Amino acid sequence: MMLFPPASCPRLIVKIGSALLVDPDGAVRRDWVAGIAADIAARTRAGQQVAVVSSGAIALGARRLGLAKGGRASLEDAQAAAATGQIALSQVWAELLGAEGLTAAQMLVTLDDLEHRRRYLNAAATLDRLLSLRVVPIINENDSVATAEIRFGDNDRLAARVAQAAGADGVVLLSDVDGLYDRNPAIPGARHIARVERIDARIEAMADAGSASGMGSGGMVSKIAAARIANAAGAHLAIASGRIDRPLSAEARHTLFLPKRGASARKAWLAGRLIVKGRLAIDAGAVRALQGGASLLAAGVIATSGDFARGDIVDIAGPDGRIVARGLSEYPVADAAAILGLGRDAQEAALGHAPRSAVVHRDHMVLL
């Protein structure tokens, strides 16, 4: 079965890893990319809107500049390689999509662009307009200016965030593996997982942090994280092998992660945030209350950590340490710590003023 047929998936995000785009010598695998361009053209003619999250800039640039370790020996090398390789990568995409009668556009983003609400909305508007014009956006992290503090670090999660911003229905992560296995697929007897309805501790334990190629930055852990983000935004996500020709039209084994019921755009954005300033630990009763649709009250909070101000993103963890929700704190960390476990009257005495209705209001919270 074709992954995400056009009739059932109006908008599709396709992520392609470095190891698929660039051979071990640092040259573009043009014939393979031409096949992807042909697949995208066929989908576009059928009415589907497609955007591509394309790795490969650092690998390409490192070859052109003669840099050691694939351009990743230092941050400065990676930035220089990215700046050099990105223009070459864009030229390849523009040429091969142009041969199929399609127009390519380039979008370079940093983590900040999708973490800050106004910039996120600007990026979303640009994506929407390009896709509505039947242009194929080629998106990558802006590695020439990104630093450790403002990086996605892998294009799997970037693809999921792009899907969220674009309102996409499906995400395909093309990789050097054909999906999730119950253990490292190199181990004899490893079992392929075809369908994941809920990402829980058991599924996360199956992830292997390594990348088989040594060229990319994302392993199975990052793909599971991407699936969480995409599913929370109502999009299906598939992990599929790109080690075949025409992978977007071939019938091949893959793992499909099924989405939750679609969240509001704002709550989906909250769920996908990668910069979190703190954590609130809550008791079992508070977990049940949140799952029933309630706000988080101070009476259910048992500990705080991190350094957050009012309005910052915080994770909310249950007694077992599992993150159950994420939201905007109504209090700075010092005030939140001062009212741990207190009822409303005791909160007023501790703070010296009337407390807010909740530590995290349900309108500014998303369950994970």
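Start by selecting Ala-240 and His-254: His-254, in strand S10, is the bridge partner of Ala-240. Keep in mind as you click around that this is a predicted model.

**The sheet**

Stay on S10 and pick Ala-238 next. Its bridge partner in S10 is Leu-256. Now colour the whole of S9 (residues 236-241) alongside S10, and you'll see the two strands paired antiparallel through four bridges.

Leu-256 has another partner worth a click. Select Arg-195, and its bridge partner in S10 turns out to be Leu-256. Arg-195 brings you to strand S8 (residues 195-196), which runs parallel to S10 (residues 254-257) and is joined to that strand by two bridges.

Time to zoom out. How many strands form this open sheet, and in what order? There are eight, running S3-S4-S2-S1-S5-S9-S10-S8, and the pairing is mixed. Strand S3 (104-109) and S8 are the edge strands, each with a single partner, so each has one side left without a neighbour in the sheet.

**Helices on the sheet**

Leave the sheet coloured and show H7. This helix packs on the sheet and touches S1, S2, S3, S4 and strand S5 (170-175). Check its direction against S1: the angle is about 165°.

Then add H6, which lies across strand S1 (11-16), strand S2 (49-54), S3 and strand S4 (136-141). Against S3, H6 runs at about 165°.

With both helices on screen, look at how they meet each other. H6 (residues 117-132) and H7 (residues 155-166) pack at an angle of about 75°, and their axes are 8 Å apart. That angle makes H6 roughly perpendicular to H7. To see the contact itself, show side chains for Tyr-120, Ala-124, Leu-127 and Leu-131 on the H6 side, which meet Arg-161, Val-162, Gln-164, Ala-165 and Ala-166 of H7. Sorted by class, this contact has seven nonpolar residues, one polar and one charged.

**H3 against H4**

Next, select helix H3 (residues 57-65) and helix H4 (residues 75-98). Their axes come within 6 Å and cross at roughly 100°, which makes H3 roughly perpendicular to H4.

Which residues make the contact? From H3, pick Ala-57, Ile-58, Leu-60, Gly-61, Ala-62, Arg-64 and Leu-65; they meet Ala-78, Ala-80, Ala-81, Ala-82, Thr-84, Gly-85, Gln-86, Ala-88 and Leu-89 in H4. By class, that is 11 nonpolar residues, four polar and one charged.

Now switch on a surface and find the buried part of H3: Ala-57, Ile-58, Ala-59, Leu-60, Gly-61 and Ala-62. H4 and S4 are among the elements covering these buried residues.

Walk off the end of H3 and you land on Gly-66, just after the helix, with a positive phi of about 70°.

**Two more positive phi angles**

Keep going into the loop between H3 and H4 and stop at Lys-69. Lys-69 isn't a glycine, yet its phi is positive, about 55°. Is Lys-69 buried or exposed? It's exposed, at 70% relative accessible area.

For another case, jump to Arg-246 in the loop between S9 and S10. Arg-246 also has a positive phi, about 50°, without being a glycine. Its relative accessibility is 35%, so Arg-246 counts as partly exposed.

**A buried serine**

Select Ser-329, in the loop between strand S14 (323-328) and helix H12 (333-338). With a relative accessible area of 2%, Ser-329 is buried. What surrounds this serine? Leaving out residues up to four places away in sequence, it touches Phe-308, Ala-309, Arg-310, Gly-311, Asp-312, Val-314, Val-359 and Val-360. Show polar contacts too: the Ser-329 side chain reaches the backbone oxygen of Tyr-331 at 2.6 Å.

**Last stop**

Finish at Ala-284, in helix H11 (residues 284-291). At 35% relative accessibility, Ala-284 is partly exposed. Draw a distance line from its C-alpha to that of Glu-330: the two are 21 Å apart in space and 46 residues apart in sequence.

Notes
Residues are numbered from 1 along each chain as its sequence is written. This is a predicted model: local features need pLDDT of at least 70, side-chain atom pairs count only at pLDDT 80 or more; totals for chains, interfaces and linings use all residues. Side-chain values use heavy atoms; hydrogens and water are left out. Axes are lines fitted to C-alpha atoms, for helices over the stretch in contact, and angles run from 0 to 180 degrees between N-to-C directions. Angles under 35 degrees count as roughly parallel, over 145 as roughly antiparallel, 65 to 115 as roughly perpendicular and the rest as oblique. Contact means heavy atoms within 4.5 Å. Ala, Val, Leu, Ile, Met, Phe, Trp, Tyr, Cys and Pro count as nonpolar, Asp, Glu, Lys and Arg as charged, and the others, Gly among them, as polar. Buried means under 20% relative accessible area, exposed over 50%, partly exposed in between (1.4 Å probe, protein chains only). Two strands pair if DSSP finds at least two bridges between them. A polar contact is a pair of N or O atoms within 3.5 Å; within protein, one must be able to donate a hydrogen and the other to accept it, and residues adjacent in sequence count only if both atoms are side-chain atoms.
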